[in-house]
Amino acid sequence: MNTNLYGAHYFHTQDSHIFETDSEQLYYFRAYIGNHTVEVALGDSIYYFDDALQNACVKKGPCIVSTKHLATVIRGYMHPDATASLNGVTTLPYVNGCSTKQVFPPLRLGDPTLQYLKMPPFSKEQEHHIHSTFRVVLIQKGIGKSIVGMEDKNIETTLNPGTVCILEPMCPHHFETDTGDYLIALPIHIFSSVGIQEKNHPMFNGTVIL
């Protein structure tokens, strides 16, 4: 059974591919897998990784970026230029023993975000679930599998370093690890469901009104 039936697409950075959203989607993006030189227009942003996979970067257009792993251009969003290390510990707990850190958190409610997801050996990052917007995921380290489908019609796809998994909105899925290694995934949420809200952020909650 083809995983495209459920809206899951798999690539590897050893080969060059371009994935583009279709005209039915709410948000437009284009993912460049493997070696590419990308010209980013004014009004767009590009999320990408350095050659050593030690840092994540985001730039707003106009600019030109060369990449060998994964670069994702998001239409109509202009995140300030930034670089963030992928090293260091995770800082936020997640389900089933997993943990995460926000590499580029959403600046406002609904904005795109790049996360760093760490899955312990012999775990799953969630129960079977769906998202309302696209996920573009690069596997940085470890071996695991992506489970896509419903009931007894699930399809397993191996995840290893360099795998890129693009999940369409409402694709039923979850990730698992069945080895003794940690699985590190770098998911971009094309648009997020939470963010830094007007009256729900650290400065506001840390202020006592007299």
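I take helices and strands as DSSP runs, with at least four residues for a helix and at least two for a strand. On that basis I count 1 helix and 18 strands in the protein. I note early that this is a predicted model.

**Overall form**

I looked up the radius of gyration next. A compact globule of 210 residues would have a value near 17 Å, and the protein has 17 Å, so the two agree. I also checked the extent of the C-alpha trace. Along the principal axes, this trace spans about 55 × 45 × 35 Å.

**Inside and outside**

I then asked how much of the protein is buried. Buried residues make up 51% of the 210 residues. For the accessible surface I find about 10,700 Å². Carbon and sulfur atoms hold 54% of that surface.

I turned to contacts with a separation of 6 or more. Of these, 66% are between residues 24 or more positions apart.

I looked at charge as well. The protein has 14 positive and 20 negative charges. Their mean positions lie 7 Å apart.

**One residue: Gly-43**

I picked Gly-43 for a closer look. I find Gly-43 in the loop between strand S4 (36-40) and strand S5 (45-49). Is Gly-43 buried or exposed? Its relative accessible area is 17%, and the cut-off for buried is under 20%, so I enter Gly-43 as buried.

Which residues does Gly-43 touch, leaving aside neighbours within four places in sequence? I list Gly-61, Arg-75, Gly-76, Tyr-77 and Met-78 as its contacts.

Last, I checked a distance to Ala-82. Gly-43 and Ala-82 are 39 residues apart along the chain. Their C-alpha atoms are separated by 16 Å.

Methods:
Residues are numbered from 1 along each chain as its sequence is written. This is a predicted model: local features need pLDDT of at least 70, side-chain atom pairs count only at pLDDT 80 or more; totals for chains, interfaces and linings use all residues. Side-chain values use heavy atoms; hydrogens and water are left out. The radius of gyration is taken over C-alpha atoms; the globule rule is 2.2 Å times the number of residues to the power 0.38. Buried means under 20% relative accessible area, exposed over 50%, partly exposed in between (1.4 Å probe, protein chains only). Contact means heavy atoms within 4.5 Å. Accessible areas come from the Shrake-Rupley method with a 1.4 Å probe; for residues, only the protein chains shown count as cover. Lys and Arg count as positive and Asp and Glu as negative; His and the chain ends are not counted. The place of a charge is taken as NZ of Lys, CZ of Arg, CG of Asp or CD of Glu.
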